[in-house]
Amino acid sequence: MQTTPLETQDVLDYLRESGRWNEELKQKLQQTVDKFRLDSIPGNGKRNYLRKTYDCPFFEDKSLGCSIPKEVKPYGCLGFNPTAPNESEGKSCGSDQLLLLKRESAHPEESRLNADLSKKYHLWWEKLPLPLALLEAEKSGL
Ligand code: SF4
């Protein structure tokens, strides 16, 4: 799942406030980045670069599911749903990209906030896979 600086900041704040932002988690995120080569994606961190799939480190297991509360979950995660009835293995799951774009364009203030964050923290990216976005955000002092 790719996240903007604003979405990344929400998750990062939550992780810090809940005491989950620790070396163990950072290591887990880095392992995901390394395993799926999330930092060697063709492109320059801008919105239209190639998406990569990866096993999200915040997915606990089949029964527990995602460990990120819905209040801070990136929109792409909230919009990631089964597209076939009676789905049990996630094979038909996907995001409705058009709907996500529509939501984005209905909230121009988010673009401004993302631009402000990028400027303030000298971010080189507009969207990155969540594990990499969190590590890059911290590196930049976000
Ligand atoms: S819903 Fe949760 S487990 Fe799935 S990609 Fe988003 S953060 Fe990761």
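Two residues are in contact if their C-beta atoms, placed from the backbone, lie within 7 Å. In this predicted model, contacts between residues 24 or more positions apart account for 62% of the contacts in the protein chain that have a separation of 6 or more.

The protein chain contains six helices and four strands. Followed along the sequence, these elements come in the pattern β-α-α-α-β-β-α-α-β-α. The chain has 142 residues, and buried residues make up 22% of them.

In soluble globular proteins, nonpolar side chains tend to be buried together. The largest nonpolar core here has 16 residues, and those that touch the most other members are Leu12, Val33, Leu132, Ala133, Leu134 and Leu135. Three helices each supply at least two residues of this core: helix 1 (5-17), helix 2 (23-35) and helix 6 (130-139). Helix 6 gives the most, with six residues.

One of the core residues named above, Leu135, can be followed further. Apart from its neighbours within four places in sequence, Leu135 is in contact with Lys26, Leu29, Gln30 and Val33. These four partners belong to the stretch 23-35, which is helix 2, while Leu135 belongs to helix 6, at 130-139.

The model also holds a ligand. Around the ligand are Met1, Cys56, Phe58, Phe59, Cys66, Ile68, Lys73, Cys77 and Leu130. Sorted by class, this shell has eight nonpolar residues, one charged residue and no polar residues. Lysine counts as charged, so the charged member of the shell is Lys73. Leu130, another residue around the ligand, lies at the start of the range 130-139 given for helix 6.

How values were computed:
Residues are numbered from 1 along each chain as its sequence is written. This is a predicted model: local features need pLDDT of at least 70, side-chain atom pairs count only at pLDDT 80 or more; totals for chains, interfaces and linings use all residues. A residue is buried if 20 or more other C-beta atoms lie within 10 Å of its own, exposed if 12 or fewer, and partly exposed in between; C-beta atoms are placed from the backbone. A residue is near a molecule or strand if its C-beta atom, placed from the backbone, lies within 6 Å of it. A nonpolar core is a set of buried Ala, Val, Leu, Ile, Met, Phe, Trp, Tyr and Cys residues joined through C-beta atoms within 7 Å.
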